[in-house]
Amino acid sequence: MNAIHSVMTTRAGWGITVLRIIVGIIFMAHGAQKLFGMFGGYGLAGTAQYMESIGLAPGMLMATLSGGAEFFGGLALFIGLLARPAALALIGLLVVAIFSVHIGNGLFMQNNGYEFALALLGGAVAVLIEGAGRASLDAAISKS
């Protein structure tokens, strides 16, 4: 119980709560693009084909893992349940995205650079360090 308690404990307040919810929404939307083809996304088949084209194989596995991490990790951030493990998974995903897709394009988004991924990485690292914040299921569970 002590390990679970330390994962769910948060000393953060309302600021991290707001950051966590916004970052969670963004990740859920990106995951929904990859998994379900929502919001103009390509769904699993299209995402798998893209993954293969950039050398991330097997494409279907990579698409499922990345879409699942984004959608379910984003959901976990949004509701504040197991936010630290979700943030850790999203950090791993973002590091791969930055170095496999964006790094060669420079910083700025207009060139498909890494600035947006870096901003999301900052949000995920903040949640990993601080916890889910005051208004979260993690905070409610760790108090009981």
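Ala-83, Arg-84, Ala-87, Leu-88, Ile-91, Leu-94 and Ile-98 in helix 5 meet Ala-117, Leu-118, Leu-120, Leu-121, Ala-124, Val-125, Val-127, Leu-128, Ile-129 and Glu-130 in helix 6, where contact means heavy atoms within 4.5 Å and where helices (H or I, at least four residues) and strands (E, at least two) are DSSP runs numbered from the N terminus. The model described here is predicted, so that local features need pLDDT of at least 70 and side-chain atom pairs count only at pLDDT 80 or more, whereas totals for chains, interfaces and linings use all residues. Residues are numbered from 1 along each chain as its sequence is written, and side-chain values use heavy atoms, with hydrogens and water left out.

Two packed helices are described by the angle between their axes and the distance between the axes. For helix 5 (residues 83–102) and helix 6 (residues 115–130), the axes come within 8 Å and cross at roughly 155°; axes are lines fitted to C-alpha atoms, for helices over the stretch in contact, and angles run from 0 to 180 degrees between N-to-C directions. This angle makes helix 5 roughly antiparallel to helix 6, given that angles under 35 degrees count as roughly parallel, over 145 as roughly antiparallel, 65 to 115 as roughly perpendicular and the rest as oblique. Helix 5 passes helix 6 in a left-handed crossing, a term used if the near helix is turned anticlockwise from the far one by less than a right angle, with right-handed used if the turn is clockwise.

Helix 5 also packs with helix 4, and their axes come within 9 Å and cross at roughly 145°. The crossing of helix 4 and helix 5 is left-handed. In this contact, Ser-66, Ala-69, Glu-70, Gly-73, Gly-74, Ala-76 and Leu-77 of helix 4 are set against Ala-83, Ala-86, Ala-87, Leu-90 and Leu-93 of helix 5.

The arrangement of helix 2 and helix 3 (residues 43–53) is described in the same terms: their axes come within 5 Å and cross at roughly 95°, and helix 2 and helix 3 are therefore roughly perpendicular to each other. The residues that meet are Gln-33, Lys-34, Leu-35 and Phe-36 in helix 2 and Gly-43, Leu-44 and Thr-47 in helix 3.

Phe-36 also takes part in ring pairing, and the structure holds two aromatic pairs. Rings of Phe, Tyr and Trp (its six-membered ring) pair if their centres lie within 6.5 Å, and planes under 30 degrees apart count as stacked, over 60 as edge-to-face and the rest as tilted. The rings of Phe-36 and Phe-71 have centres 5.4 Å apart and planes at 90°, so this pair is edge-to-face. Because Phe-36 lies in helix 2 (residues 14–36) and Phe-71 in helix 4 (residues 59–79), the pair ties together parts that are 35 residues apart in sequence. Phe-71 and Phe-72 form an edge-to-face pair as well, with 5.0 Å from centre to centre and 90° between the planes, and ring pairs thus link Phe-36, Phe-71 and Phe-72 into a cluster. Phe-36 is partly exposed, with a relative accessible area of 48% (buried means under 20% relative accessible area, exposed over 50% and partly exposed in between, with a 1.4 Å probe and protein chains only).

Most residues other than glycine have a negative phi, and most peptide bonds are trans. Phe-39, in the loop between helix 2 and helix 3, has a positive phi near 55° and is exposed, with a relative accessible area of 58%. Leu-82, found in the loop between helix 4 and helix 5, has a positive phi near 55° and counts as partly exposed at 41% relative accessibility. A cis peptide bond, with omega about -5°, joins Ala-57 and Pro-58, and Pro-58 is found in the loop between helix 3 and helix 4.

Contacts between residues distant in sequence were also examined. Trp-14, which lies in helix 2, is 120 residues from Arg-134 in sequence, but the two are 5.8 Å apart in space, C-alpha to C-alpha. When neighbours within four places in sequence are left aside, Trp-14 is in contact with Arg-134 and Ala-135. On the same basis, Leu-81 is in contact with Met-8, Ala-76, Leu-137, Asp-138 and Ile-141; Leu-81 lies in the loop between helix 4 and helix 5 and counts as partly exposed at 29% relative accessibility.
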